[in-house]
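Here is a short briefing on one protein model. Please look over the sequence and the structure before reading on.

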Amino acid sequence: GGGGGGGEGGTSAADADAAEGKGGAAAGMLPAGGCEEAAEEGAAEEADAFYCVACGKNFRSAKQWQNHEKSKKHVERVRQLRADLLAEDEAAALAEASEAAEMEAAGG
């Protein structure tokens, strides 16, 4: 859960870069839970072993995960998240530049 909503919830530009289809686990997908948890829980926990951060979906197998990763909906969602994050970064950079200019004009 969490995340979603136009790039809110701790998603960074680095996440968007990783999600831009650069191979298996980097394409917006993360194994659910920590490594230790997965090792301890074993096969019973594999039902929730794959999670797509961009789409908010769980997958039961690597094959399902890989098929989802290639799907039109996933690719479009990753593209939209990336665009949203880049727009947020640009807006933040403009705000910082404007603030710096105001400080300098005021005798900073």
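Which side chains meet in a salt bridge? They are those of E76 and R79, with 3.0 Å from N to O. The model is a predicted one. The points below start with the fold, move on to this bridge, and then turn to the aromatic pair and the core.

**Overall fold**
- The protein has four helices and three strands.
- Read from the N terminus, the order of elements is α-β-α-β-β-α-α.
- Of the 108 residues in the protein, 18% are buried.
- The exposed surface comes to about 7,400 Å². Carbon and sulfur atoms supply 54% of that area.
- Take the contacts between residues at least 6 apart in sequence: 40% of them join residues at least 24 apart.

**Salt bridge in α4**
- The count of salt bridges is one, and E76 and R79 form a salt bridge at 3.0 Å.
- Both residues lie in helix α4, which spans residues 72-105.
- E76 and R79 are three residues apart, about one turn of the helix.
- E76 is partly exposed, because its relative accessibility is 40% and the partly exposed class runs between 20% and 50%.
- R79 is also partly exposed, at 47% relative accessibility.

**Aromatic pair**
- The structure holds one aromatic pair. F50 and W65 form a tilted pair.
- The ring centres of F50 and W65 are 4.3 Å apart, and the planes make an angle of 40°.
- The pair counts as tilted because 40° is neither under 30 degrees, as stacking needs, nor over 60, as edge-to-face needs.
- F50 sits in strand β2 (residues 50-52) and W65 in helix α3 (residues 62-69), so the pair ties together parts 15 residues apart in sequence.
- The C-alpha atoms of F50 and W65 are separated by 6.5 Å.
- Both partners are buried: F50 has a relative accessible area of 16%, and W65 has a relative accessibility of 10%.

**Buried side of α3**
- Which residues of α3 are buried? They are W65, H68 and E69.
- These residues cover an arc of only 100° around the axis, so they lie on the same side of α3.
- W65 thus belongs to two groups: the buried residues of α3 and the aromatic pair with F50.

**Nonpolar core**
- The largest nonpolar core has eight residues. They are A49, F50, C52, A54, F59, W65, V78 and L81.
- Two elements, β2 and α4, give two or more residues to this core.
- Both rings of the aromatic pair, F50 and W65, come from residues of this core.
- Helix α4 therefore has two roles here: it holds both salt-bridge residues, E76 and R79, and it gives two or more residues to the core, where a core residue must be buried.

Notes: Residues numbered from 1 in each chain as written. Predicted model: local features only at pLDDT ≥ 70, side-chain atom pairs only at ≥ 80, totals over all residues. Heavy atoms only, no water. Phe/Tyr/Trp six-rings, centres within 6.5 Å; stacked < 30°, edge-to-face > 60°. Buried < 20%, exposed > 50% of the residue type's maximum accessible area, 1.4 Å probe, protein only. Arc of directions from axis to C-beta. Contact = heavy atoms within 4.5 Å. Areas by Shrake-Rupley, 256 points an atom, 1.4 Å probe, with all protein chains shown as cover. Salt bridge = Lys/Arg side-chain N within 4 Å of Asp/Glu carboxyl O. Core = buried A, V, L, I, M, F, W, Y, C linked by side-chain atoms within 4.5 Å.
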